[in-house]
Every structure is written in C-alpha cells, then in structure tokens.
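Colleague: Mind walking me through this one? I have a handful of questions and I'd like the reasoning along with the answers.

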Amino acid sequence: MGEEFIHVAGIVGSLRRDSYNRWLLRAAQQEAPPTLRIAELGLEGIPLYNPDGASPPPPAVQQLKTALYAADAVIIATPEYNHSIPGVLKNALDWLSVPPEENPLEGKPVAIIGATTGNFGTLRAQLHLRQVLSYFNADVLNRPEVLVARAKEKFGPDGTLQDELTRALLRQLLQELALRVWRRRFLSALEQH
Ligand SMILES: Cc1cc2nc3c(=O)[nH]c(=O)nc-3n(C[C@H](O)[C@H](O)[C@H](O)COP(=O)(O)O)c2cc1C
C-alpha cells in the first residue's frame, strides 16, 4: 500500500532493433506519469521452448520470470505476424506458463498495445494475445485500445511517435493500469487486516 512508485514491466514482441513496437513502448515511457516507471524486459536470449530440459529453466527465462514477479503491472507491445502474435512472444509466454503453479502474471494488470505497418493496427494479434493471456488469469485491460496502423506514417526517423491521438490513448491506458495496481494493493492490504 505504502509503495509510492508503480513498477511496470515492458515486453516487446519483436527482436528488431528499430522495431515500431519498441518505439511505441518508448512513447509509453515518455507519457507515463512521474510515479509510474516502465522498464523493458528483453526477449533476446530466450531459447525455443522444449519440455525436455525445461527444468530448471535457462537463465534468460528465470530472469524474465523474476522481473515479472517483481513488477506491479505489465505492458506488452505486440507486432502482428500472419494475423497473430509473433512466435518470439508466444514462445516467451509458453516458457512463463510452466510449471503452472509458478505464474508471474496471475491476477496482474496487463495492458496491450501494438504497432504495424499494415492497416488494422495489430487488432487480430491483440485479440489472440488476450486469448493466450486468459490462461494466465491476468487482469487484462479492455480499453482504451491502442492500435497503431500504418506505423511508417506515425513515427519520425528517430523513432519518435508523432501521432498525438496515440499519445493521448497511451496516457489513458497508463492511468487505467495505475488504477488497477492501486486497487490490487488496496485489496491485498485489506486481506492482511
Ligand atoms: C512474417 C511477417 C508477417 C506479418 N504479418 C502481418 C500481419 O498479419 N498483419 C500486419 O498488420 N502486419 C504484418 N506484418 C508486418 C509487421 O506488422 C511489420 O513488419 C512491423 O513493423 C513488425 O513490428 P516491429 O516493427 O515491431 O518489428 C508481418 C511481418 C512479418 C515479418
């Protein structure tokens, strides 16, 4: 309850250096209120999930899990690949789902955002991501929807998001995320009394 800051873990479903989704997460970092900090957790180094030899998990997976347990909330910036989420993101989520009794996303507020060069703003990928997150019983925000279509027109060459509407939506989304974290802290404080 007494914690002043809200720590948000940022996940980008793209390994590309100049990823629009990484730039979108950066815009969210810029729009965050002063008490909300977003730290990106990299998916580089996470091997393909293979149940043979999955326990104990490799260090990159253990690091990701530990950071997610420590975070108050999560924001996932997903590209759309073939009308779904990229394999890189799905693979990371598969790792996080095992063993089932260790679930760093249980009840955790999760916001979804996404950018694409296409016309539909990652809508289909975001719907698939919601379905996958339902396994984790995460507290996934429904709105506002942050769907960045035609990303080439919305970011400057240095990666700055130049679309004011999207910036406003990111601010709204982060406010909602903060509200969910406060509610969770309040409920867990009540439980302790
Ligand atoms: C294999 C592949 C499949 C793609 N499929 C879609 C798609 O179904 N819908 C879409 O809007 N964009 C699609 N794209 C375009 C991506 O949205 C675009 O490459 C985007 O920049 C990827 O995100 P990033 O910049 O964060 O890496 C696809 C790109 C790749 C490489």
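What follows is a run of questions and answers about this predicted model.

Colleague: Let's begin with the ligand. How many residues surround the ligand?

Modeller: The closest ones are S14, R16, S19, N21 and T116. Counting every residue around the ligand, the total is 14.

Colleague: How far is the side chain of T116 from an oxygen atom of the ligand?

Modeller: T116 is among the closest residues to the ligand. N21 is another of them, and a polar side-chain atom of N21 sits 2.8 Å from a ligand oxygen. For T116, the distance from an N or O atom of the side chain to an oxygen atom of the ligand is 2.7 Å.

Colleague: And how much of the ligand's accessible area does the protein cover?

Modeller: A polar side-chain atom of E80 also comes in, lying 2.9 Å from a ligand nitrogen. On its own the ligand has 620 Å² of accessible area, and the share covered by the protein is 73%.

Colleague: E80 has a charged partner too, right? Which residue forms a salt bridge with E80?

Modeller: E80 is in the loop between β3 and α3, and its partner is in helix α4, 44 residues apart from it. E80 is buried because its relative accessible area is 16%, under the 20% cut-off. The partner counts as partly exposed at 29% relative accessibility. The closest N and O atoms of the pair are 2.7 Å apart, and the partner is R124.

Colleague: Now K65. Is K65 buried or exposed?

Modeller: K65 sits in helix α2, which spans residues 59-70. Leaving aside residues up to four places away in sequence, K65 touches W95, L96, V98, P99, E102 and P104. Its relative accessibility is 1%, so K65 counts as buried.

Colleague: Which residue does the side chain of K65 meet in a salt bridge?

Modeller: In general, side chains of opposite charge can pair when their charged atoms come close. Here the N to O distance is 3.1 Å. The partner lies in the loop between α3 and β4 while K65 is in helix α2, so the bridge ties together parts 37 residues apart in sequence. That partner is partly exposed, at 33% relative accessibility, and it is E102.

Colleague: What about K90 and D94: how far along helix α3 are K90 and D94 separated, in terms of helical turns?

Modeller: These two form a salt bridge, with closest N and O atoms 2.9 Å apart. K90 is partly exposed at 32% relative accessible area, and D94 is partly exposed at 26%. They are 4 residues apart in helix α3, so the separation is about one helical turn.

Colleague: How many salt bridges does a search of the whole structure find?

Modeller: The pairs above are among them: E102 with K65, R124 with E80 and K90 with D94. The search of the whole structure finds 12.

Colleague: On to the backbone. What is omega for the cis peptide bond joining R143 and P144?

Modeller: Most peptide bonds are trans. The bond from V98 to P99 is cis, with omega near -15°, and P99 is in the loop between α3 and β4. P144 lies in the loop between β5 and β6, and the bond joining R143 to P144 has an omega of about 0°.

Colleague: N82 and T122 both caught my eye. What is phi of T122?

Modeller: Most residues other than glycine have a negative phi. N82, in the loop between β3 and α3, has a positive phi near 50° and is exposed, given its 77% relative accessibility. T122 is in the loop between β4 and α4 and is buried, with a relative accessible area of 0%. Phi of T122 is positive as well, near 70°.

Colleague: Last bit, the surface. What is the area of the nonpolar surface patch made by F120, L123, L127 and L147?

Modeller: One of its members, L127, belongs to helix α4, residues 123-136. Helix α4 also holds Q131, which counts as exposed at 58% relative accessibility. The patch made by F120, L123, L127 and L147 has an area of about 360 Å².

Terms used:
Residues are numbered from 1 along each chain as its sequence is written. This is a predicted model: local features need pLDDT of at least 70, side-chain atom pairs count only at pLDDT 80 or more; totals for chains, interfaces and linings use all residues. Side-chain values use heavy atoms; hydrogens and water are left out. Helices (H or I, at least four residues) and strands (E, at least two) are DSSP runs, numbered from the N terminus. Buried means under 20% relative accessible area, exposed over 50%, partly exposed in between (1.4 Å probe, protein chains only). Contact means heavy atoms within 4.5 Å. Patches are made of residues with over 30% relative accessible area and no salt bridge: like charges are joined within 9 Å, nonpolar side chains (Val, Leu, Ile, Met, Phe, Trp, Tyr) within 5 Å. Accessible areas come from the Shrake-Rupley method with a 1.4 Å probe; for residues, only the protein chains shown count as cover. A salt bridge is a side-chain nitrogen of Lys or Arg within 4 Å of a carboxyl oxygen of Asp or Glu. A residue is near a molecule or strand if one of its heavy atoms lies within 4 Å of it. A polar contact is a pair of N or O atoms within 3.5 Å; within protein, one must be able to donate a hydrogen and the other to accept it, and residues adjacent in sequence count only if both atoms are side-chain atoms.
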